[in-house]
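User: I'm new to this structure and would love a close look at a single part of it. Could you walk me through one strand and its partners, and then one residue elsewhere?

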Amino acid sequence: MSLLVLNAGSSSLKFALFGRSLATDDPASPTPLMTGQIDGLGSHPHLVVKDAGGGRRHDGLVTAPGGQPVRDVADALEVLFARLPDWQPGMAVEGIGHRVVHGGAAHVAPARIDDALLTRLDALTPLAPLHQPYNLAGIRAARKRFPDALQVACFDTAFHRGRDFVH
(Lines give C-alpha, C1' and ligand atoms only; values in the text may rest on other atoms or scores of the structure.)
Protein backbone atom coordinates (compact mmCIF):
# COMPACT_ATOMS: atom_id res chain seq x y z
CA MET A 1 0.00 0.00 0.00
CA SER A 2 1.37 3.41 -0.95
CA LEU A 3 0.69 7.09 -0.59
CA LEU A 4 1.80 9.35 -3.45
CA VAL A 5 2.23 13.09 -2.85
CA LEU A 6 2.26 15.42 -5.87
CA ASN A 7 3.18 19.06 -6.37
CA ALA A 8 2.37 19.83 -10.00
CA GLY A 9 3.61 23.16 -11.32
CA SER A 10 4.10 25.04 -14.57
CA SER A 11 7.69 23.93 -15.15
CA SER A 12 8.12 21.03 -12.73
CA LEU A 13 6.53 18.07 -11.03
CA LYS A 14 7.71 17.13 -7.55
CA PHE A 15 6.65 13.89 -5.91
CA ALA A 16 7.18 11.66 -2.91
CA LEU A 17 6.12 8.08 -2.36
CA PHE A 18 5.42 6.60 1.07
CA GLY A 19 4.58 3.02 1.94
CA ARG A 20 3.30 1.01 4.85
CA SER A 21 2.81 -2.56 5.79
CA LEU A 22 -0.71 -3.21 7.03
CA ALA A 23 0.63 -6.00 9.25
CA THR A 24 3.34 -4.16 11.14
CA ASP A 25 3.53 -0.43 10.46
CA ASP A 26 1.59 2.31 12.18
CA PRO A 27 -0.72 3.63 9.41
CA ALA A 28 -0.33 7.14 10.84
CA SER A 29 3.44 6.99 10.19
CA PRO A 30 4.09 6.06 6.56
CA THR A 31 7.61 5.04 5.59
CA PRO A 32 9.37 7.25 3.01
CA LEU A 33 10.26 5.23 -0.09
CA MET A 34 11.42 7.81 -2.63
CA THR A 35 11.32 11.44 -3.69
CA GLY A 36 11.84 13.05 -7.04
CA GLN A 37 11.14 15.78 -9.49
CA ILE A 38 10.99 16.48 -13.18
CA ASP A 39 12.24 19.99 -13.91
CA GLY A 40 12.43 21.84 -17.20
CA LEU A 41 9.03 20.85 -18.56
CA GLY A 42 8.65 22.04 -22.14
CA SER A 43 12.37 22.55 -22.73
CA HIS A 44 14.91 20.09 -21.26
CA PRO A 45 13.00 17.80 -18.89
CA HIS A 46 15.32 16.34 -16.28
CA LEU A 47 14.24 13.59 -13.89
CA VAL A 48 15.87 13.02 -10.51
CA VAL A 49 14.66 10.21 -8.24
CA LYS A 50 16.18 9.48 -4.84
CA ASP A 51 15.52 6.56 -2.52
CA ALA A 52 14.68 7.07 1.14
CA GLY A 53 18.37 7.22 2.05
CA GLY A 54 19.10 9.94 -0.50
CA GLY A 55 20.75 7.63 -3.03
CA ARG A 56 20.03 8.51 -6.65
CA ARG A 57 17.92 5.97 -8.52
CA HIS A 58 17.70 8.10 -11.65
CA ASP A 59 19.31 11.35 -12.78
CA GLY A 60 19.02 12.43 -16.39
CA LEU A 61 16.99 13.82 -19.25
CA VAL A 62 13.69 12.11 -19.82
CA THR A 63 11.11 11.62 -22.56
CA ALA A 64 7.46 10.70 -22.29
CA PRO A 65 6.31 7.15 -23.09
CA GLY A 66 6.75 6.58 -26.82
CA GLY A 67 9.78 8.90 -26.95
CA GLN A 68 7.72 12.08 -27.15
CA PRO A 69 8.90 15.30 -25.47
CA VAL A 70 7.73 16.04 -21.93
CA ARG A 71 5.86 19.28 -22.63
CA ASP A 72 3.76 19.81 -19.52
CA VAL A 73 2.62 18.42 -16.19
CA ALA A 74 0.33 15.86 -17.85
CA ASP A 75 3.31 14.43 -19.77
CA ALA A 76 5.45 14.49 -16.61
CA LEU A 77 2.79 12.54 -14.74
CA GLU A 78 2.67 9.96 -17.53
CA VAL A 79 6.43 9.50 -17.09
CA LEU A 80 6.04 9.13 -13.34
CA PHE A 81 3.06 6.77 -13.55
CA ALA A 82 4.80 4.61 -16.18
CA ARG A 83 7.98 4.27 -14.10
CA LEU A 84 6.55 3.83 -10.60
CA PRO A 85 6.05 0.06 -11.05
CA ASP A 86 9.73 -0.30 -12.04
CA TRP A 87 10.87 1.58 -8.94
CA GLN A 88 8.35 -0.05 -6.58
CA PRO A 89 7.23 -3.42 -7.98
CA GLY A 90 3.84 -4.56 -6.74
CA MET A 91 2.99 -1.10 -5.44
CA ALA A 92 -0.69 -0.25 -5.08
CA VAL A 93 -1.46 3.47 -4.72
CA GLU A 94 -4.22 3.80 -2.12
CA GLY A 95 -4.01 7.56 -1.62
CA ILE A 96 -2.73 10.66 -3.38
CA GLY A 97 -2.16 14.04 -1.78
CA HIS A 98 -2.05 17.11 -4.01
CA ARG A 99 -0.66 20.55 -3.28
CA VAL A 100 -3.16 23.18 -4.44
CA VAL A 101 -2.28 26.85 -4.16
CA HIS A 102 -5.75 28.33 -3.72
CA GLY A 103 -8.66 26.82 -1.84
CA GLY A 104 -10.55 30.05 -1.36
CA ALA A 105 -12.29 31.06 1.83
CA ALA A 106 -14.25 27.81 2.08
CA HIS A 107 -11.30 25.42 2.39
CA VAL A 108 -9.50 25.73 5.71
CA ALA A 109 -8.25 22.11 5.84
CA PRO A 110 -7.36 19.30 3.45
CA ALA A 111 -10.37 18.16 1.42
CA ARG A 112 -11.35 14.95 -0.36
CA ILE A 113 -11.33 15.56 -4.10
CA ASP A 114 -14.52 14.99 -6.06
CA ASP A 115 -16.09 16.58 -9.14
CA ALA A 116 -17.80 19.31 -7.11
CA LEU A 117 -14.53 20.35 -5.45
CA LEU A 118 -12.75 20.48 -8.81
CA THR A 119 -15.47 22.77 -10.15
CA ARG A 120 -15.03 25.11 -7.17
CA LEU A 121 -11.24 25.07 -7.54
CA ASP A 122 -11.48 25.82 -11.26
CA ALA A 123 -13.46 28.95 -10.36
CA LEU A 124 -10.53 30.11 -8.19
CA THR A 125 -8.03 30.02 -11.07
CA PRO A 126 -8.10 33.84 -11.54
CA LEU A 127 -6.75 34.16 -7.97
CA ALA A 128 -3.68 32.01 -8.75
CA PRO A 129 -3.38 31.87 -12.56
CA LEU A 130 0.29 30.86 -12.52
CA HIS A 131 -0.28 27.84 -10.27
CA GLN A 132 -3.89 26.68 -10.05
CA PRO A 133 -4.24 25.32 -13.61
CA TYR A 134 -1.19 23.09 -13.17
CA ASN A 135 -2.27 21.89 -9.73
CA LEU A 136 -5.67 20.95 -11.15
CA ALA A 137 -4.14 19.27 -14.23
CA GLY A 138 -2.17 17.05 -11.85
CA ILE A 139 -5.31 16.14 -9.96
CA ARG A 140 -7.19 15.27 -13.14
CA ALA A 141 -4.36 13.10 -14.47
CA ALA A 142 -4.01 11.25 -11.15
CA ARG A 143 -7.78 10.66 -10.89
CA LYS A 144 -7.77 9.23 -14.40
CA ARG A 145 -4.83 6.89 -13.70
CA PHE A 146 -5.85 5.91 -10.14
CA PRO A 147 -9.67 6.21 -10.08
CA ASP A 148 -10.06 4.11 -6.92
CA ALA A 149 -7.43 5.90 -4.83
CA LEU A 150 -8.47 8.39 -2.17
CA GLN A 151 -7.32 11.81 -3.40
CA VAL A 152 -6.96 14.81 -1.12
CA ALA A 153 -6.16 18.46 -1.84
CA CYS A 154 -3.99 20.37 0.63
CA PHE A 155 -4.24 24.14 0.21
CA ASP A 156 -1.53 26.76 0.59
CA THR A 157 -4.27 29.21 1.56
CA ALA A 158 -5.32 26.94 4.44
CA PHE A 159 -1.75 26.86 5.71
CA HIS A 160 -1.53 30.65 5.71
CA ARG A 161 -4.97 31.17 7.27
CA GLY A 162 -4.67 32.58 10.78
CA ARG A 163 -0.93 33.20 10.61
CA ASP A 164 0.18 36.40 12.26
CA PHE A 165 2.40 38.22 9.78
CA VAL A 166 2.79 41.36 11.89
CA HIS A 167 6.30 41.74 13.23
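**A strand and its two partners**

Analyst: Let's begin with one facing pair: serine 2 lies across from glycine 19, a residue of β2. Please keep in mind that this is a predicted model. Serine 2 belongs to strand β1, residues 2-8, which pairs with β2 in the antiparallel sense over seven bridges. The link from β1 to β2 is a hairpin, made through three residues.

Now look to another neighbour of β2. Strand β3, residues 31-39, runs antiparallel to β2, and eight bridges join them. Here glycine 19 turns up again, standing opposite threonine 31 in β3. So how enclosed is strand β2? Residues 12-19 make up this strand, and six of the eight are buried, so β2 is largely enclosed by the rest of the structure.

For the single residue, let's move to isoleucine 113. You'll find isoleucine 113 in the loop between β7 (111-112) and α2 (115-123). Is isoleucine 113 buried or exposed? With a relative accessible area of 9%, isoleucine 113 is buried, because buried means under 20%.

What does isoleucine 113 touch? Leaving aside residues up to four places away in sequence, isoleucine 113 touches His98, Leu118, Ile139, Arg143, Gln151, Val152 and Ala153. One of these contacts, glutamine 151, is 38 residues apart from isoleucine 113 along the chain, yet their C-alpha atoms are separated by 5.5 Å.

Conventions. Residues numbered from 1 in each chain as written. Predicted model: local features only at pLDDT ≥ 70, side-chain atom pairs only at ≥ 80, totals over all residues. Heavy atoms only, no water. Helix = DSSP H or I, 4+ residues; strand = E, 2+ residues; numbered from the N terminus. Buried < 20%, exposed > 50% of the residue type's maximum accessible area, 1.4 Å probe, protein only. Contact = heavy atoms within 4.5 Å. Pairing = 2+ DSSP bridges.
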